[in-house]
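Colleague: I should be grateful for a close look at one part of this model, the surroundings of the bound ligands, set in the context of the rest of the chain.

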Amino acid sequence: MPKVLISDALSERAVDIFRERGIEVDYKPGMKADELIAVIANYDGLAIRSATKVTEAVLEQAGGLKVIGRAGIGVDNVDVPAATKKGVVVMNTPFGNSITTAEHAISLMMALARQIPMANASTHAGKWEKNRFMGVELFGKVLGVIGCGNIGAIVADRALGLKMKVVAFDPFLTEDRAQDLGVEKVELDELLARADFITLHTPLVDSTRNILNADTLAKTKPGVRIVNCARGGLVDEAALKAALESGHVAGAALDVFEAEPAKENALFGMDNVVVTPHLGASTSEAQENVALQVAEQMADYLLTGAISNAVNVPSVSAEEAPRLKPYMLLAEQLGSMLGQLTVEGIGSVTVELEGLAAQLNSKPILAAALAGLMKPISDSVNMVNAPTFARQRDIAVSLTAHDRDCDYQTLIRVTTTDGSQTRTVAGTLFGGRQPRLVEVRGIKMEADFGTHMLYVRNRDEPGFIGKLGGALGEAGINIASFYLGRTEKGGVALSLVDVDAKIDDAILQRIRALPGVIRVELLSF
Ligand SMILES: NC(=O)c1ccc[n+]([C@@H]2O[C@H](COP(=O)([O-])OP(=O)(O)OC[C@H]3O[C@@H](n4cnc5c(N)ncnc54)[C@H](O)[C@@H]3O)[C@@H](O)[C@H]2O)c1
Ligand SMILES: O=C(O)[C@H](O)COP(=O)(O)O
């Protein structure tokens with residue numbers, strides 16, 4: 001039974017779902033880094049929010065971990081490259097808290113416009129400072145949205161409802177989409193010059209880090225108000241403090257900070273700053289959504305192999321997963337055969353799909369072939385990290401789905417080059433499920449993949465098969481199946497011999513010494 005650890009404060013609906021799906025679950029919110037490192041080896045899945053930091057040190061101890069589920073959007077608290085290297089799927093819930101977070105951004109903008117938190121504190125203190133809190137209207141003002149994806153688009157929609165004018169800077173926003181949203185797509189400098197309010201909704205990546213800094217803040221309209229409900233690190237906090245002190249920026253509302261939890265911050269205590277402790281996603285509705293979604297997604301992956309919303313591996317839907325499984329096994333076994341036969345470093349891999357295989361989601365099939373190919377050089381390779389392994393080793397990878405007549409109902413062909421050698425193997429699914437080899441190095445032959453297989457290439461001469469059978473018999477090795485093929489009469493013959501026990505080195509040497517032998521290897525599937 002798979003086992004999952006929940007190390008952040010998720011809605012307990014997640015616990016119910018894991019249990020209903022037959023998954024053992026430990027609910028331990030607030031777990032410290034060293035506690036996590038100490039126990040992570042016991043789990044197949046880890047469900048988190050933003051508090052748990054899944055560092056390389058955590059992943060190093062995560063021997064059996066298969067999936068990290070982020071109940072929320074940002075995965076910047078997960079070392080995704082390290083997880084990928086380790087073969088761990090990282091998935092998030094990209095939509096479950098978008099509305100809630102957009103509403104928080106709008107709330108912060110309103111709080112800022114009318115100084116509600118400060119007025120609230122003053123009134124509670126019995127001061128009745130009616131003349132101190134003069135606000136500004138939103139009506140007719142320009143809102144600059146930096147990052148107009150899921151949340152930015154919802155914020156824009158709500159702002160339009162408040163009769164604001166919305167301009168958006170997002171390099172990936174198309175003119176058509178901007179038009180549909182009713183926003184004006186502009187460059188960053190124009191947004192900075194025109195916006196009365198700026199709201200940030202990008203991920204924290206290299207291109208967005210400190211996107212509001214001393215230089216860009218200097219380009220903003222005097223009296224601008226800034227809302228950051230996305231990620232600390234998008235706004236240079238020191239530069240913002242200086243701009244607030246000078247009065248160039250009239251106010252800032254921040255839900256996120258460069259360092260979190262933010263118990264201390266240079267912006268705390270400033271009159272024109274509204275702060276919340278990373279509450280963007282904190283509504284009961286959003287938390288129920290993301291907890292439910294992440295638990296279902298993780299359970300699907302652990303129980304069926306279906307992958308949704310993964311950030312480091314192609315998706316496989318719940319409907320596709322059972323259909324893809326035999327194809328992925330076939331691709332892995334074909335890749336594995338080539339991996340076991342490769343002597344030098346692999347230069348390139350080509351995966352071709354024909355017949356029914358050509359109509360399927362091809363990326364998981366490619367990833368499975370790569371995983372099989374690289375198994376002989378790494379114990380930890382799987383379909384999650386295989387594409388990275390291939391890239392790191394400068395292996396050129398290509399994938400083609402052919403729309404042409406095929407001798408088989410479905411066919412996967414894998415070709416590798418290493419040094420001067422090109423090797424091709426192809427296979428089909430017998431009865432739609434059972435992987436079967438149908439071609440090796442251009443030689444047609446039908447063979448099942450066995451646990452102990454002898455691969456023998458030899459000159460096609462009379463009497464060879466008898467000698468091979470004799471050598472195995474003398475060694476007490478029983479033959480389960482014998483598959484044969486050849487290029488042409490008197491050309492090169494190929495035997496794949498499925499035997500009942502492992503063949504040791506001494507027997508292998510005896511077979512290699514038989515007259516006419518070109519190559520003999522042991523294969524295992
Ligand atoms: N405060 C919270 O509690 C909270 C809650 C949810 C999400 N978030 C954060 O909000 C952010 C946005 O979430 P989303 O769901 O809208 O993501 P999204 O991926 O749907 O949208 C992000 C947008 O940013 C744009 N973008 C990327 N690089 C850019 C750049 N250099 N300049 C301008 N735009 C750029 C992308 O094109 C995309 O449209 C994420 O960082 C997420 O973690 C915070
Ligand atoms: O990226 C997100 O989804 C938000 O930052 C929410 O984070 P949280 O789950 O820790 O509230």
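Modeller: The account below begins with the ligand surroundings and then moves outward to the domains, the cores, one helix and some backbone details.

The model is a predicted one. Ligand 1 is surrounded by 30 residues, and the closest of these are Gly-74, Gly-147, Gly-149, Phe-172 and Gly-280. Two elements, α5 (98-114) and α7 (150-161), each contribute two or more residues to this shell. The largest share comes from α7, which gives three residues. By residue class, the shell around ligand 1 comprises 13 nonpolar, 14 polar and three charged residues. Ligand 1 lies between domain 1 (3-95 + 285-304) and domain 2 (116-271), because both domains give residues to its shell.

Around ligand 2 the residues are Arg-49, Ser-50, Gly-72, Ile-73, Gly-74, Asn-97, His-278, Gly-280, Ala-281 and Ser-282. Of this shell, two residues are nonpolar, seven polar and one charged. Gly-74 and Gly-280 thus appear in the surroundings of ligand 2, and they are also listed among the closest residues to ligand 1.

As to the wider architecture, the domain assignment adds domain 3 (317-449) and domain 4 (451-524) to domain 1 and domain 2. Between the centres of domain 2 and domain 4, taken over C-alpha atoms, the separation is 73 Å.

Next come the nonpolar cores. In soluble globular proteins, nonpolar side chains tend to be buried together. Here the largest nonpolar core has 98 residues, and Ala-47 and Ile-412 are those with the most contacts inside it. Apart from that core lies another, of 51 residues, which includes Ile-151, Ala-168, Phe-169 and Val-275. Leaving aside residues up to four places away in sequence, Ile-412 touches Tyr-327, Leu-330, Ala-331, Leu-334, Val-351, Leu-353, Ala-357, Ile-365, Ala-426 and Gly-427.

One of these partners, Ile-365, is among the buried residues of helix α14. That helix covers residues 362-374, 13 in number, and reaches 19 Å from its first C-alpha to its last, close to the 18 Å expected at 1.5 Å a residue. Helix α14 is mostly covered, with 12 of its 13 residues buried. Its buried residues pack against α13 (320-341), β13 (348-355), α15 (386-392), β14 (396-401) and β15 (410-418).

Some backbone details remain. Most residues other than glycine have a negative phi, and most peptide bonds are trans. The peptide bond from Glu-260 to Pro-261, however, is cis, with omega near -5°. Pro-261 is placed in the loop between β11 (249-254) and β12 (273-275).

Asp-394 is not a glycine, yet has a positive phi of about 55°. This residue lies in the loop between α15 and β14, two of the elements against which the buried residues of α14 pack. Asp-394 counts as exposed because it has 10 C-beta neighbours inside 10 Å, and the limit for that class is 12 or fewer.

Arg-441 likewise has a positive phi, near 50°, and is a residue other than glycine. Its place is the loop between β17 (434-440) and β18 (443-448). With 16 other C-beta atoms within 10 Å, Arg-441 is partly exposed.

Technical notes: Residues numbered from 1 in each chain as written. Chains lettered and ligands numbered in written order. Predicted model: local features only at pLDDT ≥ 70, side-chain atom pairs only at ≥ 80, totals over all residues. Core = buried A, V, L, I, M, F, W, Y, C linked by C-beta atoms within 7 Å. Buried ≥ 20, exposed ≤ 12 C-beta atoms within 10 Å, placed from the backbone. Contact = placed C-beta atoms within 7 Å. Near = placed C-beta within 6 Å. Nonpolar A, V, L, I, M, F, W, Y, C, P; charged D, E, K, R; others polar. Domains from an automatic or database assignment. Helix = DSSP H or I, 4+ residues; strand = E, 2+ residues; numbered from the N terminus. Expected span 1.5 Å × (residues − 1).
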